Amino acid sequence: MERIEEIIGYKKEVEKLKSICDFLKNTDKYVKFGVELPKALLIYGEEGVGKTLMAEALTIDCEREIFYVFTRTISVKKIKKIFKSARKSAHSVVLIDDIGDKNSAIYGQLIREMNGCRNGEVFVIATVEDKKDIPEYFFDEFDSNMIIELQPPKIQEACEIFKPIFDEKKIEKDFNINDFCCFAQTLTYSDVEEIFNDASRLAVYEGRERVAMRHLITAGLLYKEDELAKEFDLVSAYHEVGHATVDLLLGGEAAFIALFEDYGGVFYEKDCVTKTYHDKERRYIVGVAGKACEEIFTGTSSIGSYSDLARASTLIEDDVKILASQGFEYFDSTELNSPAYNDTLAKKVQSEIQKYFDKAKELIVENRPLVEALVKQLENNFYLVHSEIYKIYNDYVNNKK
């Protein structure tokens with residue numbers, strides 16, 4: 001079986017690798033047809049997303065001789081020597097893993113070597129965590145369709161990608177891969193490997209024979225530099241449940257809620273993508289719903305509430321500025337730093353926040369039983385996973401019918 005075919009998830013990226021592999025294996029066929037072949041492929045993305053795995057899969061499947069450039073000891077002299085050998089062994093591949101922030105002489109020599117190779121005889125594969133670490137002039141050497149950005153997988157793909165990590169012999173029956181992936185948004189394969197190892201250590205320390213969902217959540221929060229609460233805080237519970245409740249009622253998909261040890265907590269929405277104006281409005285209303293819920297049920301406002309308002313204000317202000325630049329009637333002056341512009345901007349942002357806050361309060365008041373049911377369940381483990389949230393929500397909806 002080919003190595004590229006063994007890559008789990010990343011369907012679009014895998015298809016691109018297959019097409020690249022074909023012209024690397026059958027270069028003469030493409031050259032005969034008059035095709036000008038690309039010189040290089042760049043794969044970039046944060047640590048742990050699988051850049052090296054993809055690069056190595058391509059080098060193996062393309063059946064060319066591979067020349068490795070070790071970036072820790074890279075020099076102009078070594079680059080010349082490697083490319084000289086690669087040209088002699090053409091057709092070949094030069095793999096530069098984690099090229100990173102190198103001096104201009106290194107990049108200048110790489111460009112000269114790449115441009116000095118005849119059509120298809122030497123192909124360069126480079127990986128880097130952040131494309132900002134590469135000089136723009138070197139980035140321009142790559143055809144636009146020869147650049148692959150790898151991001152942490154979406155939840156649906158993550159379920160498939162992360163599944164091999166969890167040994168069925170070591171995992172409790174309460175484990176649900178979809179629930180975990182809803183919690184583990186933005187995490188990479190290597191992140192999840194480390195979390196499972198830490199969770200396993202917690203289970204062994206407690207004398208358990210298997211890793212439970214609680215161990216994974218505890219270890220995952222610690223990995224994200226948060227700590228699961230040991231005591232229940234009512235204000236924090238209402239705050240996070242307020243976000244989740246309004247998100248559910250407005251058609252979002254609540255993914256995870258947790259309370260932290262030093263008060264506060266977190267609410268995740270599943271694969272949050274803002275495509276329409278309706279999505280933006282939901283985002284704003286959900287953003288201020290924590291404060292609204294706190295006020296309704298406890299009569300207080302936490303520090304988290306003011307942080308939410310600050311975030312919402314910034315987002316709304318950015319949107320209002322865009323509308324104003326297009327000629328809308330929000331401003332007496334279009335000059336950004338004028339008093340008239342800033343005064344009108346502040347009033348508009350304030351009125352928008354008040355509108356969204358009022359809507360959040362209205363939804364929470366109308367659906368108090370849902371809020372109370374979520375808070376009651378949250379009191380058990382100090383976190384709620386996706387399936388728990390939706391069981392409560394679906395029961396509530398069915399009881400209202």
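**Exercise 1.** In this predicted model, find the buried residues of helix 10 (residues 213-223), then work out what they pack against.

*Solution.* Start with the cut-off: a residue counts as buried when its relative accessible area is under 20%. Going along helix 10, that picks out Met213, His215, Leu216, Ile217, Ala219, Gly220 and Leu221. Next, look for their neighbours. On the helical side, these buried residues pack against helix 8 (177-183) and helix 9 (189-205). They also pack against two strands, strand 6 (254-259) and strand 8 (383-385). Finally, step past the end of helix 10: there you meet Glu225, with a positive phi near 70°.

**Exercise 2.** Work out the strand order of the open sheet that three strands form, and say why one side of strand 7 and of strand 8 has no neighbour in the sheet.

*Solution.* A bit of background helps: strands of a sheet pair through backbone hydrogen bonds, either parallel or antiparallel. Here the order is 7-6-8, with antiparallel pairing. Strand 7 (265-269) and strand 8 sit at the edges with a single partner strand each, so each has one side left without a neighbour in the sheet. From one strand to the next, the twist averages 10°. Now zoom in on strand 6 and strand 8: they pair over three antiparallel bridges. If you're after a pair to look up, take Ala258, whose bridge partner in strand 8 is Tyr383.

**Exercise 3.** Find which strands helix 11 (residues 234-249) lies across, and do likewise for helix 15 (residues 368-381).

*Solution.* Take helix 11 to begin with: it lies across strand 6 and strand 7, at about 175° to strand 6. Then turn to helix 15, which lies across strand 6 and strand 8 and runs at about 110° to strand 8.

Key
Residues are numbered from 1 along each chain as its sequence is written. This is a predicted model: local features need pLDDT of at least 70, side-chain atom pairs count only at pLDDT 80 or more; totals for chains, interfaces and linings use all residues. Side-chain values use heavy atoms; hydrogens and water are left out. Buried means under 20% relative accessible area, exposed over 50%, partly exposed in between (1.4 Å probe, protein chains only). Helices (H or I, at least four residues) and strands (E, at least two) are DSSP runs, numbered from the N terminus. Contact means heavy atoms within 4.5 Å. Two strands pair if DSSP finds at least two bridges between them. Axes are lines fitted to C-alpha atoms, for helices over the stretch in contact, and angles run from 0 to 180 degrees between N-to-C directions.
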